[in-house]
Amino acid sequence: MAIEHGIRLGGGGAKAVPALFNWVYLGPEFCENLLETAVCAELVRFQKLGKKVCLLTPLLTDKGAASLAAIFRELARLLRTGRLDAGRLEITINDFGALALAARAKLPVKLGAGRQFAYNVFEQNSGSLSLLNRRSLDFFLERGIRRYEISAAGAMPRTNFSRSGCGFEPEGFAFTLHYPYLNLTTTRTCLVGLRDIQPRDSVRGIDCGRECRACAFKVDHPWVKEKLLIRGNTVFMEFPGKFYSSEKELELLRVDRLVYCPLP
Amino acid sequence: MKILSCFSDIEEIKPLAAAGADELYCAVTGLPSFGEPAALPDLRAFGKAARAAHRLGLKISLAVNSVVPKLTPAEEGGLLKNLAAASAAGADAFIAASPAVIELLSLAEPKPAVHLSSVQPCFNSLTAEFFIGLGVSRIILPNQLSPYEARGILKLCHARGVETEIFDYRFFGCAYVNGRCSLHRPGYYTAAAAVQKGSMCRLNLPGSLPVPRTVGVAPEWKYRLGGITGRLAERLGRGGAPRMGNAASLYDYFAAGVGYLKYGTRRDPPDVKARKVADMRATLDHARELAAAYPAREARERFIKRLEGWDGKKY
């Protein structure tokens with residue numbers, strides 16, 4: 001099994017990416033405020049450069065769902081006119097609403113469960129990666145999801161991917177492993193962007209100036225030896241060490257794609 | 001708006017009913033529920049609790065809302081039997097989060113009512129529609145959704161006859177998306193000191209955190225970083241991200257016709273549970289009185305003013 005390599009690009013994108021990376025991941029994974037139809041042009045551009053592309057999508061409110069619907073309409077148009085190749089495009093879902101939207105849009109592309117959605121089927125800890133149950137796996141398979149995105153969280157976790165481990169022969173899934181940052185938690189009320197909310201404030205949405213694009217922050221927590229990293233509404237940890245010893249090890253974990261995230 | 005209260009011991013039922021609870025919920029040890037372990041010991045105890053609740057005219061629901069129910073096919077059969085037993089013992093509804101458990105519940109006969117847990121966060125009307133399609137009859141809204149943002153969900157639920165529920169922001173206020181938070185998993189980090197339960201989540205360390213350092217600064221933001229860094233440092237020091245829930249949101253959800261107000265801190269001592277429910281009852285009675293006596297805007301203003309003086313320290 002050949003391991004594919006991808007790179008996740010932030011809002012600003014990049015003119016080109018090194019040849020090692022045959023996949024380019026674009027789009028906002030954690031915040032709907034960053035959903036913009038302009039991402040479609042970037043998907044087209046990277047496909048023209050010979051790359052496969054994956055659109056990341058976040059948790060959605062109705063406002064974000066409207067933005068994502070607009071993106072899906074544009075993708076449908078680009079696919080229809082041949083400017084995008086469906087065989088080299090995937091969409092990562094992090095919300096049941098996004099899953100419903102994708103079903104409505106009938107885009108002829110593969111869907112994956114993102115890092116905030118894969119927990120419905122797999123439980124990940126630093127020392128283990130477990131399939132929860134057959135029903136959950138089938139539930140997502142029936143809805144077209146075979147790929148699950150997880151973060152690197154330590155070398156060679158234990159798995160239960162066998163009949164003796166989970167009580168049935170588990171088939172029909174593969175992992176994309178993002179490294180080196182693990183997303184620990186996400187808030188909607190952005191840590192760096194949103195203004196404070198007073199008792200009489202009626203919140204109409206997450207009003208921000210896209211401060212998450214400024215930088216990430218490294219935070220020392222007195223009770224934890226590792227540093228926490230914060231970008232926008234999400235808290236990460238970094239796992240800088242080597243998280244696998246060989247491609248064989250990745251195969252055992254059913255990881256067939258690695259995605260490098262230069263920044264959290 | 002009715003009041004739904006948690007309980008973790010059968011002895012709590014009468015005081016909670018007297019304090020004003022309209023419905024109750026609990027967890028049972030051995031069944032997959034989310035979060036804190038305060039639960040009834042077994043289904044026999046649940047049956048007793050259900051009878052006690054029903055005698056007082058209260059409905060009772062059972063939380064089986066684990067986000068990560070680990071089940072072999074054989075264990076799945078066992079869970080289905082237990083769910084049927086809980087139903088027969090008097091469960092009026094089940095609170096569920098995992099699609100697998102929701103599907104399992106749809107196989108039970110007679111088909112029980114299912115409430116979508118807030119730990120399977122429903123932030124949009126498409127998600128609401130998706131789970132209504134799976135048979136959910138009540139949606140518990142996540143605390144990080146404002147009434148304005150929820151209006152599509154509320155409209156859909158109203159049209160479909162699906163009930164809605166919110167948390168009382170005064171007694172529950174996770175700063176992060178509930179159900180998707182891994183800050184409580186010590187396996188991910190190396191403790192440098194004893195981590196108090198729940199404290200990692202809030203990072204509530206006023207004055208003791210060094211100023212966050214920037215990483216990978218975008219050049220166009222270079223001269224605007226001071227304010228952002230200060231905001232982040234201040235927030236980490238006082239408990240994390242801003243809370244969406246406030247007096248205004250409680251009144252707006254009330255006015256929008258949300259059916260249930262929830263209190264769910266199962267670990268609270270029995271007397272605190274009863275006092276909090278009594279507080280919720282007084283708050284809702286006041287909201288009703290204001291809504292009947294004043295034009296909408298004035299009722300809202302008066303409600304907010306009263307809650308601005310509310311002091312949570314008494315608990």
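Q: What kind of sheet do E1-E2-E3-E4-E5-E6-E7-E9 of chain B form, open or closed?
A: In this predicted model, those eight strands make a closed barrel, with parallel pairing. Direction ignored, neighbouring strands of this sheet are turned by 30 degrees against each other on average.

Q: How do you know that strand E3 and strand E4 of chain B are paired?
A: Count the bridges. Pairing takes at least two bridges between two strands, and E3(B) (residues 59-64) has four of them to E4(B) (residues 93-96). They count as paired because the cut-off of at least two is met, and they run parallel. If you want one bridge to look at, take B:Ala63, whose partner in E4(B) is B:Ile95.

Q: What makes E6-E7-E9 of chain A an open sheet, and which strands are at its edges?
A: These three strands come in the order E6-E7-E9, with mixed pairing. Strand E6 (122-124) and strand E9 (158-159) of chain A are the edge strands, as each pairs on one side only.

Q: How do you know that E7 and E9 of chain A pair?
A: Two bridges join E7(A) (residues 128-131) to E9(A), and the two strands run parallel. That pair counts because the requirement is at least two bridges. A:Leu129 has A:Thr159 as its bridge partner in E9(A).

Q: What makes strand E12 of chain A and E8(B) a pair?
A: Three bridges link E12(A) (residues 216-219) with E8(B), in the antiparallel sense. At least two are needed, so this pairing between chain A and chain B qualifies. One of the bridges puts A:Lys218 opposite B:Arg213.

Q: Which residues and elements make up the contact between chain A and chain B?
A: Chain B gives 74 residues and chain A gives 69 residues. On the side of chain B that touches chain A, the elements that supply at least two residues each include helix H3 (73-88), helix H5 (125-133) and strand E8 (213-215). Helix H8(B) has the largest share there, with six residues. By type, that side of chain B divides into 45 nonpolar, 15 polar and 14 charged residues.

Q: Why is H3(A) described the way it is relative to H5(B): roughly parallel or roughly perpendicular?
A: Start with the angle. The axes of H3(A) (residues 96-105) and H5(B) come within 7 Å and cross at roughly 85 degrees. Angles of 65 to 115 degrees count as roughly perpendicular, which makes H3(A) roughly perpendicular to H5(B). The contact brings A:Phe96, A:Gly97, A:Ala100 and A:Leu101 of H3(A) together with B:Leu126, B:Thr127, B:Glu129 and B:Phe130 of H5(B). Those residues split into five nonpolar, two polar and one charged.

Q: Why are H3(B) and H4(B) called oblique to each other?
A: Their axes come within 10 Å and cross at roughly 60 degrees. Roughly parallel needs under 35 degrees and roughly perpendicular starts at 65, so H3(B) and H4(B) end up as oblique. The crossing itself is right-handed. On the H3(B) side you find B:Glu76, B:Leu79, B:Leu80 and B:Leu83, meeting B:Leu104, B:Leu105 and B:Leu107 in H4(B). That contact has six nonpolar residues, no polar ones and one charged.

Q: How do H1 and H2 of chain A cross, left-handed or right-handed, and what residues meet there?
A: The crossing of H1(A) past H2(A) is right-handed. The axes of H1(A) (residues 38-48) and H2(A) (residues 62-80) come within 9 Å, at roughly 35 degrees. A:Val39, A:Cys40 and A:Val44 in H1(A) meet A:Ile71, A:Glu74, A:Leu75 and A:Leu78 in H2(A). The tally for this contact is six nonpolar, no polar and one charged.

Q: What is the omega of the peptide bonds from A:Tyr179 to A:Pro180 and from B:Glu109 to B:Pro110, and are they cis or trans?
A: The bond from A:Tyr179 to A:Pro180 has omega near 5 degrees and is cis. A:Pro180 lies in the loop between strand E10 (174-179) and strand E11 (181-186) of chain A. The bond from B:Glu109 to B:Pro110 is cis as well, with omega near -10 degrees. B:Pro110 is in the loop between H4 and strand E5 (113-116) of chain B.

Q: What is the phi of A:Lys106, positive or negative?
A: The phi is positive, about 50 degrees, although A:Lys106 is not a glycine. A:Lys106 is in the loop between H3 and strand E5 (110-113) of chain A.

Key:
Residues numbered from 1 in each chain as written. Chains lettered and ligands numbered in written order. Predicted model: local features only at pLDDT ≥ 70, side-chain atom pairs only at ≥ 80, totals over all residues. Helix = DSSP H or I, 4+ residues; strand = E, 2+ residues; numbered from the N terminus. Contact = placed C-beta atoms within 7 Å. Nonpolar A, V, L, I, M, F, W, Y, C, P; charged D, E, K, R; others polar. Axes fitted to C-alpha atoms, helices over the stretch in contact; angles between N-to-C directions. Parallel < 35°, antiparallel > 145°, perpendicular 65-115°, else oblique. Left-handed = near helix turned anticlockwise from the far one by under 90°.
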